[in-house]
Amino acid sequence: MQNITKTKISYLIEIPKIKDEGFLSFAEGDRSIPFDIKRIYYIYDVENNVIRGKHAHKKTRQVLFCVKGSVKVLLDNGDVREEIFLSEPNKGILLDRMMWHTMHEFSKDAVLLILASDYYEEKDYIRDYQE
Ligand code: T46
């Protein structure tokens, strides 16, 4: 797909940005997003010194868009680490299964929007890095 660019250990997904008295971006399951979207959630009003995440998912796949402000996402596949700076509302990062991740340095106005392939289930989380 043309809108997907490989990063070191993941993929950057670019969705349309339509200029029309402001901008409009849209994401579609099984099209620009490489899975059917079952859940969305968003994270906001996070203090700059907070580190969120610190886990991996057994089966859930996700795409993260910072729709306002900026945030850094650290990815770790067990062999390689990569830090991604998200600051453009139409550019998201694929967070594939079994990818350890943290989100940090949220800007004051940051809103992180996440599209997920599965419903929330605590047993899908791996919270122990060694595991
Ligand atoms: C992830 C990163 C990017 C729910 O009840 N339903 C939900 O859909 C979610 C996502 C969370 N929760 C509850 C579970 C916790 O009691 O919300 C609370 C905060 O979740 P957590 O501490 O896991 O938040 P983060 O920011 O560390 O991680 C979140 C997602 O949970 C996680 O799947 O990949 O964002």
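**Cavity and ligand exercises**

Sorted by class, the lining of the largest cavity has 3 nonpolar, 2 polar and 3 charged residues. This is a predicted model, where local features need pLDDT of at least 70, side-chain atom pairs need 80 or more, and totals for chains, interfaces and linings use all residues. Numbering runs from 1 along each chain as its sequence is written, and side-chain values use heavy atoms, without hydrogens or water.

**Exercise 1.** Find which residues line the largest cavity.

*Solution.* Step one: search the whole structure, and 1 cavity of 30 Å³ or more turns up (on a 1 Å grid, points where a 1.4 Å probe fits but cannot get out; lining atoms lie within 4 Å of a point). Step two: its volume is about 30 Å³. Step three: read off R39, H57, T60, Y119, Y120, E121, D124 and Y125.

**Exercise 2.** Work out which side chains have polar atoms close to ligand oxygens, starting with R39.

*Solution.* Start with the 13 residues around the ligand: R39, R52, H57, Q62 and Y125 come nearest (a heavy atom within 4 Å counts as near). Now go through three of them. R39 puts a polar side-chain atom 2.6 Å from a ligand oxygen. For H57, a side-chain N or O sits 2.7 Å from a ligand oxygen; for Y125, that distance is 2.6 Å. On its own the ligand exposes 650 Å², and the protein buries 67% of that (Shrake-Rupley, 1.4 Å probe).

**Exercise 3.** Say which element gives the largest share of the shell around the ligand.

*Solution.* List the elements giving two or more residues: β5 (39-44), β6 (52-57) and β11 (100-104) (strands are DSSP E runs of at least two residues). Then pick β6, with 4 residues. As a last step, sort the shell by class: 5 nonpolar, 5 polar and 3 charged (Tyr counts as nonpolar, Gly as polar).

Technical notes
A polar contact is a pair of N or O atoms within 3.5 Å; within protein, one must be able to donate a hydrogen and the other to accept it, and residues adjacent in sequence count only if both atoms are side-chain atoms. On a 1 Å grid over the protein atoms alone, a cavity is a set of points where a 1.4 Å probe fits but cannot get out, and a pocket is an open set with protein on both sides within 12 Å along at least five of seven lines; lining residues have an atom within 4 Å of a point. Grid points are joined across faces, edges and corners, and a volume is the space filled by probe spheres set on the points.
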